[in-house]
Structure formats: C-alpha cells, structure tokens
Amino acid sequence: MPELQLDGLVGPSHNYAGLSLGNLAATRNAGAVSSPRAAALQGLAKMRLVLGLGLPQGLLLPHERPNLGLLRAMGFAGTDAEVLKAAHAEDPALVAVAWSASPMWTANAATVSPAADTADGRTHLSVANLATMAHRAQEWPATLAQLRLAFADRRHFAVHGPVPPSFGDEGAANHLRLAPAHEAPGVEVFVHGVNAGGRFPARQDVRASKAVARRHGVAAALHVAQADAAIEAGAFHNDVVAVANGPVLLAHAEAFADRDALVAALAARVPGFCLVEAPADEISLEEAVGSYVFNASLLTVSDGMALVLPKEAEETPRVWRWLQRVVADNANPIQALHVLDLRESMRNGGGPACLRLRVQLSETALAAVDPRFRLDAATLDRLEGVVARWWPERIAPEELGNPDLMDQCRAARRALLEALGIAPAELGEA
Ligand code: SUG
C-alpha cells in the first residue's frame, strides 16, 4: 500500500522572525536574513529524492502572504500597501506573523487516520487548529481549502474542520501510527504535552487529540504524554524526538513521560513491533534536538526502510555513529540513510519530517487524489523553474514593511498556481 508524501512547498515569504517560543532553532535565528529561493529549491530536491525512492510524492501550496486579512481584522485600513505600511510602523511583530511561511511544515497541517484504522473504512483527515502560536493559528482555513480540493472524493476521504481553538492541536507532528504493514489495522499513538510551569508551552492538548481520534473513529488509539524534559529541551513537537513507520518506532529514550508503559502497550498490540531507541547516555536530548536525527522521514522502500535525514545529523558525530550502528543492525529493517541540505527550513526548526504530511492510501484511493497535488519529475522541473524565476533571493527583517516585496510574493504564488493549473477560486480565494 503506497504512502503519499505531501510536502509543503516553501513559500516566497520564508523569513526568520523567531515567532515560535520553545522552538530553539527559530528563536536563535530571529532576525537573520533568509533565502526563500534556496529554501524552496532545497525542499523540491527532497521531493525529488523521495520520488526517486519509489514513493508517491505530492505537495501542498504556500498560503497567500502577507495575510492582509489578518491585518485588516486587527483594524488597519486603506489600500493593501497602506495597510502593510501602517501595520509595520506600529507593530512590526504583528506584521511578521502575517508574513510567516509556516504552512511549509505540513506535518502540522492535519492528522491523518488511514482507512484500515477507522470505523467507516475511509481515510480521515482533521485540519490542525495550531492555536498555540499566532502565526500558525492563521493557517487552517487555507489548509482546509486545499485538503477539501485534493481529497474531494467522499467515497474514500473524510476531511474534518479544526477542533475548537481552546484545545491546541498541531496535527500529525504529535501522532504516530504503528502497524505490521501500512494496509493492516494500526495502533495510533496520539502524543500530547503537559509541561505545567515550564519555560515552553505544550502545544498539543490531550482533549484535542481525543477529539480527533473520536471524530476519525479510530479503533485503536493510545494517548500518551511527551516528557516535560523533552519540551524543555526544545521538542516543541513530539516528531523532534520520535518517528514511526510500519512496526518500527525510532525514538529517544527520554521522549515520553512513561516510556515503559508505551513500549509495553505497543509490544502487546503491534505484531512485529520493533523499537529502535537511542539511550540518553549515547545521545542527549540536547543532541537529539540540535541534530534533528529523529525528525527524519522513515520510509518503506523496496528493500526495507530508509531514513531521510538533515545534514545536521551527519555533522553531529555521536548521532552519526549511532545511525551507522542502526543501519548495520539486522534486528531492524532500516537499511539506508539519505542526507539532505535543508538548512533554510532547519533554521526555523523544520526538518525532513516537519516538511511532509503522510497519507497512507490504497491504490484506488490514491488514484482519487486530485492529480494537481501529485508530482512527477517533469512537474518538479517546472516548479524549479517557477521558483528560480519568481521567489525572492533573500529577505531581511526590515523588508517586511515593503509593499514591493508583497507584490513580488503575490506574483510568485500566482505563477505557482498557474503552473499547477489550480485557479484561486478553487481555493476560495478571490
Ligand atoms: O511551528 N517554526 C515551526 C516549525 C514547525 C516544525 N514542525 C514539526 N516539528 N512538525 C513551528 O515552530 C518558525 C517561524 C518563525 O519563527 O518565523 C516556526 O514557526
């Protein structure tokens, strides 16, 4: 059974505004100059690699930025240029929110429950409300519009709106699925945070997780807490310290509040369960967060499993040594490591796993996905051309008040939609 990878194409407004408290990379790089063109090309190279590994690859689109609707809702009025300038003069931090290219991290777009797990035998997708961070809370309407278009066939798909914003939901980044094979019924592990009194917010509310599991009709759901220490070390989403694929859980030993209970439950319920764990004395939580080794894409390929890793993992000696051992160990199916330069996204705390939403589908359901969201080599070539021609080469923080940059980013997105044959009206845009 194939697993569609829906990567978020990095939008033309990609910048470093340090908007996510608890995301150490993003806050450290606040104010740096970004390279949107290079960022998008790095993302497209990842999509090309995964396509080459034999997986179906697709994309989700960047959203319209800056989000003038947000600035108008905050009381700024006039022409678009006047709104941008006035807002920037008065509240540059708010304007940075409106410019954020954060929809690129599609692991936060939605939670997906494959058909084998759900009561009605359809694939269920719940768009995430991303309520904890202002720049991310504006994402869900445009994400929902895309999901409804891409997964319009109701015989196969049920697309849900967000859970109420009082209960933060960050989508698939806090969701693991373990199953003997993609097509077999699986155990869905919903991971939430607590971290009462900590420095950093827990972004996934247990009630949101339970609501999603309920709405999807998931027969086998486990709800477990992240370790507070992991959140404090910078694991603002659980996918910074754990990833699963098929029966394999690749995780840091200190990722979960009650590691032993989770391992026992999975061993009892998932045939062939295989734990690949990094002990804390071999890789510290800080090294795990710094290298993003667990933010890998763990993929089923023809001869086992492959890990798609960021360069930072290769550059962290203890992490790289551990990975070599994992690949050499025949007790797990991981056979290959693929290393990518994703530095532009990584500097905002987004690694390979953050950049993709996984949708496991039967061949028939895959054929029902709107083909404009699917990629092949020729479409990738075309998109590279669009990015090279239209995406800004660099954005410095002070440029976020500049209406010319707004025009450039809008034109870039229009060129992208045109290249894919998607009309703005299909996404509910004027
Ligand atoms: O929500 N960074 C994102 C990174 C998301 C990573 N996703 C997963 N772990 N699945 C976030 O913290 C930084 C943007 C800025 O600061 O401008 C940001 O939003």
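Here are two short exercises on a predicted model, each with a worked solution. Residue numbers start at 1 along each chain as its sequence is written, side-chain values use heavy atoms without hydrogens or water, local features need pLDDT of at least 70, side-chain atom pairs count only at pLDDT 80 or more, and totals for chains, interfaces and linings use all residues.

**Exercise 1.** Find out how many residues surround the ligand, and which polar atoms lie by its oxygen and nitrogen atoms.

*Solution.* Start with the shell, where a residue counts if one of its heavy atoms lies within 4 Å of the ligand. That gives 20 residues, and the closest are L19, S20, H135, R203 and D239.

Next, look for polar contacts with the ligand, pairs of N or O atoms within 3.5 Å. A polar side-chain atom of S20 is 2.8 Å from a ligand oxygen. For G18, a polar backbone atom is 3.1 Å from an oxygen atom of the ligand. D239 brings a side-chain N or O atom 2.7 Å from a ligand nitrogen.

**Exercise 2.** Count the disulfides, then decide whether C274 and C409 are buried or exposed.

*Solution.* A disulfide needs two cysteine sulfur atoms within 2.5 Å, and the count here is zero. Now check the cysteines, taking buried as under 20% relative accessible area, exposed as over 50% and partly exposed as in between (1.4 Å probe, protein chains only). C274 has 12% relative accessibility, so C274 is buried. C409 has 1%, so C409 is buried.

Conventions:
Polar contact = N/O pair within 3.5 Å; in protein donor to acceptor, adjacent residues only side chain to side chain.
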